[in-house]
Amino acid sequence: MSPLTSHLDLIAPWLGSQRWFASKGHLPELELLGSWQIPAADCRVLTHLIMDHSATVPVLYQVPVTEHRSPLTDGDAALIGTFPDGDDTVYLYDGPQDPVYAEALLRMIVSGATAIPEGADAVGRSFGDMEISAIDAARVLRGEQSNTSIIYKVTTPNGPLRVICKVFRALHHGENPDVVLQSAIAAAGSDSVPHSIGYIEGGWSDIGQPGGLAHGHLAFAQEFLAGAEDAWRIALRASEDGVDFTAEAHALGTTTAEVHRTLAASFGTKTPSDSDVAETLDSFSARLQLAIDEVPAIAELRGVIEDLYSTVRTLEWPALHRIHGDYHLGQVLVADGHWILIDFEGEPMRPMIERSRPDFAVRDVAGMLRSFDYVAGSLGSTEQAAAWTSAARRAFLSGYIEESGIDLRAHRELLDAFEMDKAVYEAVYEARNRPDWLPIPLAALRRLAARAR
Ligand SMILES: Nc1ncnc2c1ncn2[C@@H]1O[C@H](COP(=O)(O)OP(=O)(O)O)[C@@H](O)[C@H]1O
Ligand SMILES: O=P(O)(O)O[C@H]1O[C@H](CO)[C@@H](O[C@H]2O[C@H](CO)[C@@H](O)[C@H](O)[C@H]2O)[C@H](O)[C@H]1O
């Protein structure tokens, strides 16, 4: 058995149990597209790009591994498996959980080093001239995540620094908006996203692409805001305790409008054509059909939802520009009393090509309005929680309108249509992931439908 066959044999059962594995319940059917290696003193550090064919649409995964000749101390949780190599036993570990990989990855980004290609290639890119004197600690971020993030304690000539590096698990051809948008916002001088440090980009073979080659972002390093709490937890606590949140929600509206303005200035705006509007409404209708197939309770609202979508077709639509794309309270952190936006990757269930286009800012506004509604929904929609949510939604909208100068209240039907579409998306998301929370988007759909009648 060649070592790489051994790797795939061991990775297949392990992959199926990872949080970020998309085709839960299916046995992975793996094909190795290529690998790249980072030189390291202690062991072999390989990153495999592996296609899983078990889903309807194949998914390409990034799987960094390390090979050791003896077991790692406290490494049991990171062990993918073992295989024989002559008289030796090779211990194969999940790279991000191995400090050797973690250190090699960050050093590759900061030094702009090129990996050794083995059927795929990769290069580090740094945004500035950061120097690392020592990497003092590295650990994987625990908790629910679509990717895998490593948190570092680093010493630089200017003092200690905390860094977070997100290793993208599902890969796509083309640039990743998480890297491109956040680094552009930071480069524009905004302090509403964490400081960007650098990234890894890579190339692999793909017969579907011109020249048979695909390329994209593989990892993204940013400043880690230690101790920063996310707005979802803060909002939930405030609502539970009956604490007024309107000043915070207003400030979040202001920050959102500022970030939108920066994105518009950095990437340009586009006057919507009839086909932009038609494409958006077609995607709303496609999501509605998918949702009705998966959540039949939505079928009774189909007529009123479709009527609303027809009504907005004839309205005047605002300009398009790049947006966050999956905006909710969990995507906002608070640091030094200031809202900081993260995770600009867009909705995981939307194709990457759609997530990388200019879009309507009202999509983000609607996303955040839905998130405030989730606060009440997750607290059982008591009278207190519902009142808290209404006040927070109004304040957020006011902050956004004041800062952007766009009177979204005058575009109420458009905002409602985007909120409806988001609630339709959420119904599918909840049916698949958290069925107990399905009533939250369903109640919102009924409320929005009642208003549209
Ligand atoms: N720069 C940062 N500073 C502090 N915490 C962060 C930072 N970036 C991400 N996080 C934390 O990591 C979690 C996961 O990050 P996120 O970008 O949402 O990853 P994913 O796209 O894999 O879901 C966030 O919910 C947040 O708690
Ligand atoms: O953060 P992700 O990019 O993984 O987004 C997905 O998961 C979110 C849940 O974690 C989901 O958000 C929904 O639930 C939130 C409360 O947990 C709520 O604040 C959001 O408004 C609601 O949409 C998101 O839709 C999904 O794409």
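# Exercises on a predicted model

In this predicted model, 67% of the contacts between residues at least 6 apart in sequence join residues at least 24 apart. Keep that in mind as you work through the exercises below.

**Exercise 1. Describe the overall build of the protein: which elements does it hold, and how does its radius of gyration compare with that of a compact globule?**

Step 1. Begin with the secondary structure: the protein has 12 helices and 16 strands.

Step 2. Next, take the extent. Along the principal axes, the C-alpha atoms fill a box of roughly 75 × 50 × 45 Å.

Step 3. Now compare with a globule. A compact globule of 453 residues would have a radius of gyration near 22 Å, and the 23 Å of the protein agrees with this.

Step 4. Finish with burial: 41% of the 453 residues count as buried.

**Exercise 2. Find the domains and say how many residues of each are in contact with the other.**

Step 1. The domain assignment gives domain 1 (3-113 + 124-223) and domain 2 (229-452).

Step 2. The centres of domain 1 and domain 2, taken over C-alpha atoms, are separated by 31 Å.

Step 3. At the contact, 17 residues of domain 1 meet 24 residues of domain 2. On the domain 1 side, the touching residues divide into 7 nonpolar, 7 polar and 3 charged.

Step 4. Look also at residues 14-98, which an unreviewed UniProt entry annotates as "domain: Maltokinase N-terminal cap". Over residues 14-98 the chain is 2% helix and 49% strand, with 16 Å between the end C-alpha atoms.

**Exercise 3. Work out which residues come nearest to each of the two ligands, and from where the shells are drawn.**

Step 1. Around ligand 1 there are 18 residues, of which Gln145, Asn147, Pro194, Leu225 and Asp343 come nearest.

Step 2. Domain 1 and domain 2 each give at least three residues to the shell around ligand 1. By class, this shell has 8 nonpolar, 6 polar and 4 charged residues.

Step 3. Around ligand 2 there are 14 residues, and Asp326, His328, Arg370, Ser371 and Tyr374 come nearest. The elements giving two or more residues to this shell are α9 and α11, and α9 supplies the largest share, 3 residues.

Step 4. The shell around ligand 2 divides into 5 nonpolar, 4 polar and 5 charged residues.

**Exercise 4. Is Ala423 buried or exposed? Which residues beyond its sequence neighbours does Ala423 touch?**

Step 1. Locate Ala423: it sits in helix α11 (residues 412-433).

Step 2. Count neighbours. Ala423 is buried because 25 other C-beta atoms lie within 10 Å, and the cut-off is 20 or more.

Step 3. Leaving aside neighbours within four places in sequence, Ala423 is in contact with Arg370, Pro441, Ala444, Leu445 and Leu448. Arg370 may look familiar: it is also among the residues that come nearest to ligand 2.

**Exercise 5. Where do Asp74 and Ser381 lie, and what is the sign of phi in each?**

Step 1. Recall the background: most residues other than glycine have a negative phi.

Step 2. Asp74, in the loop between β3 (59-68) and β4 (79-85), has a positive phi of about 55° although it is not a glycine. Asp74 counts as exposed because it has 8 C-beta neighbours inside 10 Å.

Step 3. Ser381 lies in the loop between α9 (362-378) and α10 (383-404). Its phi is also positive, near 50°. With 15 C-beta neighbours inside 10 Å, Ser381 counts as partly exposed.

Technical notes: Residues are numbered from 1 along each chain as its sequence is written. Chains are lettered from A and ligands numbered from 1 in the order in which they are written. This is a predicted model: local features need pLDDT of at least 70, side-chain atom pairs count only at pLDDT 80 or more; totals for chains, interfaces and linings use all residues. A residue is near a molecule or strand if its C-beta atom, placed from the backbone, lies within 6 Å of it. Ala, Val, Leu, Ile, Met, Phe, Trp, Tyr, Cys and Pro count as nonpolar, Asp, Glu, Lys and Arg as charged, and the others, Gly among them, as polar. Domain bounds come from an automatic or database domain assignment. Helices (H or I, at least four residues) and strands (E, at least two) are DSSP runs, numbered from the N terminus. A residue is buried if 20 or more other C-beta atoms lie within 10 Å of its own, exposed if 12 or fewer, and partly exposed in between; C-beta atoms are placed from the backbone. Two residues are in contact if their C-beta atoms, placed from the backbone, lie within 7 Å. UniProt positions are given in the numbering used here, feature names are shortened, and annotations may be inferred rather than shown by experiment. The radius of gyration is taken over C-alpha atoms; the globule rule is 2.2 Å times the number of residues to the power 0.38.
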